[in-house]
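Colleague: I am new to this structure and would be grateful for a close look at a single part of it. Could you take me through the aromatic rings and their surroundings?

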Amino acid sequence: MGQPTHALKQPKDRDWWRSAVIYQVYVRSFADGDGDGTGDLAGVRSRLPHLAELGVDALWFTPWYLSPMKDGGYDVADYRAVDPAFGTLAEAEKLIAEAGELGIRTIVDIVPNHVSDQHPWFRAALAAGPGSPERALFHFRPGRGPDGELPPNDWPSQFVGSTEPVWTRLPDGDWYLHLFTPQQPDLNWAHPAVRQEHEDILRFWFERGVAGVRIDSAALLAKDPQLPDFVQGRDPSPFVDRDELHDIYRSWRAVSDEYDGVFVGEVWLPDAERFARYLRPDELHTAFNFAFMTCPWDADGLRTSIDETLAEHAPVGAPATWVLCNHDVTRTVTRYGRTDTGFDFATKAFGTPTDLALGTRRARAAALLSLALPGAVYVYQGEELGLPEADIPVDRIQDPMHFRSNGTDPGRDGCRVPLPWAAAAPYAGFGSREEPWLPLPEDWASYAVDRQAEDPGSMLSLYRMAITIRPVFGVGPLTWLPAPDGVLAFARAEGAVLCVVNLAETPASLPPHTQLILASGPLASDGRLPKDTAVWLRA
Ligand code: NOJ
């Protein structure tokens with residue numbers, strides 16, 4: 001094991017996370033360092049210059065731990081070990097250190113709601129049998145019905161569209177709960193050992209120099225001990241957003257404060273007030289803004305989403321986050337190129353017609369919009385390349401979401417395809433000597449980093465420029481400016497810098513300005529802002 005890296009010199013700014021650009025690395029698909037078809041830590045280390053040039057402040061790594069990969073690594077068998085497909089713990093430490101030397105912080109992804117069925121705790125629970133203390137770490141129950149042949153309750157799967165139950169019965173008669181796949185048994189968070197173990201895991205990674213932790217399924221950990229049936233709308237829910245969670249996150253915060261570490265919670269909740277409770281000063285620092293991520297390309301909708309976001313964060317003093325996509329949802333350029341430009345897991349389907357040129361134009365404008373807003377911005381790998389959602393041949397799909405929907409949901413692999421780095425190289429320079437774990441579409445050479453780097457009009461060039469220039473907005477609030485219907489216009493930096501986005505059908509006149517700082521696309525010949533275009537201006 002290498003030296004703990006927490007003593008590494010980092011830029012001193014303790015508030016970095018309030019306005020950071022954070023790049024999400026889906027390790028399996030970022031870059032393949034050893035050529036075996038799967039992305040790995042060696043691949044990430046070799047591509048750190050790309051991330052430095054992009055100008056991001058931090059990297060969030062989706063789980064890199066030992067895992068049977070039944071859910072892309074969100075089924076963890078050992079939270080303190082790196083999966084051999086990705087590398088070693090020593091390499092993770094090197095990666096954290098090397099990124100740190102480039103001024104880039106690291107965020108790891110902790111999965112506290114469930115473990116892999118190969119985790120030693122679950123294996124011990126299976127071996128120990130019904131009623132054992134080992135089973136008390138999970139939710140084991142007898143079934144209902146005369147012979148216990150019915151599941152203990154009727155909770156819906158957290159894989160939207162899944163037709164499968166959330167309980168699996170063992171040969172010894174006991175059932176166990178798994179909100180996701182049967183290979184991801186849910187932990188019992190009422191058990192003190194579960195809490196202790198996770199605080200130790202947090203310390204383990206903070207000791208290795210990570211600056212933050214993303215918390216998977218953060219609002220699902222606590223369960224009603226009676227495990228009653230689910231009744232739509234009944235408050236409190238037996239498994240979502242329960243009050244007990246806040247006590248858990250207060251203890252986590254005490255741990256992270258020892259290291260100046262920060263949290264970002266995966267908190268999907270429709271109720272803004274309930275969402276904001278997780279962001280109180282002694283709980284999580286930030287949470288993903290899924291309301292913004294799922295919002296359609298519509299001026300009123302986006303403005304409402306921005307206003308509601310800022311209003312809900314203000315009372316708790318937490319910064320907003322701005323997210324356009326991640327490894328679970330349809331890629332931005334595809335989503336914006338469809339008739340329904342919002343995102344909803346329930347409506348994902350094969351063969352949805354898509355206008356990629358339109359989607360790309362909007363995604364460019366959306367990039368300038370989100371990078372101009374006050375708070376932290378997340379960029380999902382490949383978003384800076386304008387990658388579309390890929391069509392994965394059905395016989396190559398690996399995502400359990402597809403299988404658990406009985407094959408009706410295309411699943412999430414379309415946004416998890418290996419990145420193209422070099423147009424002329426095999427597999428577009430992903431690094432593999434053999435077929436990568438998911439196929440790259442034939443025409444993806446045109447999206448390759450080396451090609452886009454040479455093209456000032458590429459998505460990559462836009463992201464590089466925007467992230468470099470973004471500090472001109474400062475960290476202060478935004479002020480909306482008067483604008484025609486369908487146009488979003490706001491000022492920041494005490495009125496010195498403006499962002500204008502035209503979502504209306506007709507070109508819009510720009511407000512008075514002294515300089516055009518950056519545009520997502522060409523202006524009209526009369527200087528007006530065309531549809532689906534954004535600009536940054538100096539007032
Ligand atoms: C959310 C993660 O982002 C997703 O990829 C995973 O399938 C579920 N949580 C379960 O861990």
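Modeller: Phe288 and Tyr378 are a suitable place to begin, since both residues are buried (under 20% relative accessible area, with exposed over 50% and partly exposed in between, for a 1.4 Å probe and protein chains only). The model is a predicted one, in which local features need pLDDT of at least 70 and side-chain atom pairs 80 or more, while totals for chains, interfaces and linings use all residues. Residues are numbered from 1 along each chain as its sequence is written, and side-chain values rest on heavy atoms, without hydrogens or water.

The model holds 33 aromatic pairs, counted where ring centres of Phe, Tyr or Trp (its six-membered ring) lie within 6.5 Å; planes under 30 degrees apart are stacked, over 60 edge-to-face, and the rest tilted. Phe288 and Tyr378 form one that is edge-to-face, with 4.9 Å from centre to centre and 70 degrees between the planes. This pair joins distant parts of the chain, 90 residues apart: Phe288 belongs to the loop between β11 (286-287) and α8 (290-293), whereas Tyr378 lies in strand β13 (residues 376-380). Helices and strands here are DSSP runs (H or I, at least four residues; E, at least two), numbered from the N terminus.

Phe288 and Tyr378 also belong to a cluster linked by ring pairs, together with Trp60, Trp268, Phe290, Phe343 and Phe345.

Other rings have a charge over them (NZ of Lys or CZ of Arg within 6 Å of the ring centre and within 35 degrees of the ring normal). The charged end of Arg28 sits over the ring of Trp437, 3.8 Å from its centre. Likewise, Arg135 places its charged end over the ring of Phe140, 4.6 Å from the ring centre.
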